[in-house]
2 protein chains.
Amino acid sequence: MVQALFFDVFGTVVDWRTSVARELAQFGARHGIDRDWEAMADHWRGLYQPAMERIRSGSRGYVKLDTLHRENLDSTLDTYGIGEVAEGVRDGLSRAWHRLDPWPDSAPGLTRLRTRYLLAPVSNGNISLMVQLARHGGLPWDTVLGSEIAQDYKPKPAVYLASAAALSLAPQDCMMVAAHNDDLFAARASGLKTGFVARPVEHGAAQTTDLAPESDWDVIADDFLDLAEKLGA
Amino acid sequence: MVQALFFDVFGTVVDWRTSVARELAQFGARHGIDRDWEAMADHWRGLYQPAMERIRSGSRGYVKLDTLHRENLDSTLDTYGIGEVAEGVRDGLSRAWHRLDPWPDSAPGLTRLRTRYLLAPVSNGNISLMVQLARHGGLPWDTVLGSEIAQDYKPKPAVYLASAAALSLAPQDCMMVAAHNDDLFAARASGLKTGFVARPVEHGAAQTTDLAPESDWDVIADDFLDLAEKLGA
């Protein structure tokens, strides 16, 4: 059906919220600080879309997501009244985004899918961030594609189209796999096939968004092993 | 010493000449044509530098090496008096460059090196070509860097510098590994560390070039297993 599978990463492949909250809690324990670390992870992540929007709109040139995460950390620390943190500690905290644990089915599912398809992250994360996550979680990518290749951020069409072009494939020979309906609407608009995998606790037990597919995506799967089954891998 | 190893691929990781000559011979056998297939492989490869030079000099915009290989095949077939080959057959022949066998020590050496370093091809080959070679030869790259990332061709500094920047590393935290002294002179000029591995039969038994290191490269190894040994992996 398709030759390559493109994966959203934050939320779809890795559980960013639990991992970031854990690193924030470890930081708190080391420094004798107590906060609601999951809420702080959500706040930090909440600054992600507006920061990218300045780049998508053209009011700022492309910078790596690592840079945005670091800037947004400064703002988050201020908001949580923890503004007295040294630069080196901030750098280390920001690298929490390089150590996100995959969902349990991600690596085994990708390993099965790899027997039949080319696999690449098409994430808003930059190349070095994706390489570190792959090492951390054993994710068997063929290469890293996505935002840094395109020098822009999803859901801009350039990110999907540049990723297909990098593999010398037509958009319809690629499938975007994501836990987010908006990512799939954008990928479909660029001519890619679409696969939805629900991640119902990405935002915690009270999650209300993306609990179900919002369109007739080409494949709808429960997890990456189910995806492998449905894609014949 | 360094965090990432960058590899030249054609000649350093894979034995392009034997592999291309073999595919040409198979093509000849299917079509009842006899030629000196190794000489024809050399001729095809010989058009590589002048084709890239037009792009390096700015007289042509960046196109993928796949495109140059395909154009150079047309010229080579004409030179060898085999101009009556169908388009589809030419496309298949050109993909010989996607099926190059690695030298015997390449995959085991890279697998050892991977335990300690990030690994990426920094080749003039395009991303999809590198992905196909990795699948064909079991080459465990972390991601594909090189010419397509930089939209230019080695030995232009942009290719080395863009590859280091993609991993968010300074040039001196990266080592270029190549069987070609000119690649290493260029990498060193851009601030990278250098590793030389001789491939004395890349051009056949009568090879006269790159038989020995021509400078005090940071590491000089007999093959990739020796390189792993010398780099502590």
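In this predicted model, Arg199(A) makes contact, leaving aside neighbours within four places in sequence, with Gly11(A), Thr12(A), Trp103(A), Asp105(A), Ser106(A), Ala179(A), Gln207(A), Asp223(A) and Phe224(A). The arginine is found in the loop between β5 and β6 of chain A. Arg199(A) has a relative accessibility of 6%, so it counts as buried.

The two strands flanking that loop belong to an open sheet. Six strands make up this sheet, and in chain A they line up in the order β3-β2-β1-β4-β5-β6, with parallel pairing. At the edges sit β3 (145-146) and β6 (219-221) of chain A, each of which pairs on one side only. Strand β5 of chain A, residues 193-197, pairs with β6(A) in the parallel sense over 3 bridges. Here Val197(A) stands opposite Ala221(A) of β6(A). Helix α10 of chain A (residues 181-189) packs on the sheet, where it touches β4 (174-178) and β5 of chain A. The direction of α10 makes about 165° with that of β4(A).

Next comes strand β1 of chain A. On one side, β1(A) runs parallel to strand β2 of chain A (residues 118-123), and 4 bridges join the two. Leu5(A) has Leu119(A) as its bridge partner in β2(A). There are also 4 bridges between β1(A) and β4(A), again with the strands running parallel. In that pairing, Phe7(A) stands opposite Val177(A) in β4(A). As for the side chains of β1(A), Ala4(A) and Phe6(A) point one way while Leu5(A) and Phe7(A) point the other way, and all are buried.

Now for the aromatics. A search of the whole structure turns up 18 aromatic pairs over all chains. One of them joins Phe7(A) to Trp141(A): the pair is tilted, at 5.7 Å centre to centre and with 45° between the planes. This pair links distant parts of the chain, with Phe7(A) in strand β1 (residues 4-7) of chain A and Trp141(A) in the loop between α7 (127-137) and β3 of chain A, 134 residues apart. Phe7(A) is buried, its relative accessible area being 0%. Trp141(A) counts as buried too, at 5% relative accessibility.

In chain B, the rings of Phe27(B) and Trp37(B) have their centres 6.3 Å apart and their planes at 85°, so this is an edge-to-face pair. Phe27(B) belongs to helix α1 of chain B (residues 16-31) and Trp37(B) to helix α2 of chain B (residues 37-46), so the pair ties together parts that are 10 residues apart in sequence. Phe27(B) is buried with a relative accessible area of 0%, and Trp37(B) is buried with a value of 11%.

Back in chain A, one aromatic cluster is formed by Phe10(A), Trp16(A), Trp44(A), Tyr48(A) and Trp97(A). A charged residue joins the picture at Trp16(A): Arg45(A) lies over the face of this ring, at 5.1 Å from the ring centre. Chain B has a matching arrangement, with Arg45(B) over the face of Trp16(B) at 5.1 Å from the ring centre.

Trp16(A) also leads into helix α1 of chain A, which covers residues 16-31. This helix has 16 residues and reaches 22 Å from its first C-alpha to its last, close to the 22 Å expected at 1.5 Å a residue. Its buried residues are Trp16(A), Arg17(A), Ser19(A), Val20(A), Ala21(A), Glu23(A), Leu24(A), Phe27(A) and Gly28(A). These buried residues of α1(A) pack against α2 (37-46) and α5 (87-94) of chain A. Following α1(A) is Gly32(A), with a positive phi near 65°.

One last spot lies in chain B, at Ala150(B) in helix α8 (residues 147-150) of that chain. Ala150(B) has a relative accessibility of 18%, so it counts as buried under the 20% cut-off. Not counting residues up to four places away in sequence, Ala150(B) touches Ala158(B), Val159(B) and Ala162(B). Ala150(B) and Tyr160(B), 10 residues apart in sequence, are 8.4 Å apart in space, C-alpha to C-alpha.

Definitions and conventions: Residues numbered from 1 in each chain as written. Chains lettered and ligands numbered in written order. Predicted model: local features only at pLDDT ≥ 70, side-chain atom pairs only at ≥ 80, totals over all residues. Heavy atoms only, no water. Pairing = 2+ DSSP bridges. Contact = heavy atoms within 4.5 Å. Axes fitted to C-alpha atoms, helices over the stretch in contact; angles between N-to-C directions. Phe/Tyr/Trp six-rings, centres within 6.5 Å; stacked < 30°, edge-to-face > 60°. Buried < 20%, exposed > 50% of the residue type's maximum accessible area, 1.4 Å probe, protein only. Lys NZ or Arg CZ within 6 Å of the ring centre and 35° of its normal. Expected span 1.5 Å × (residues − 1).
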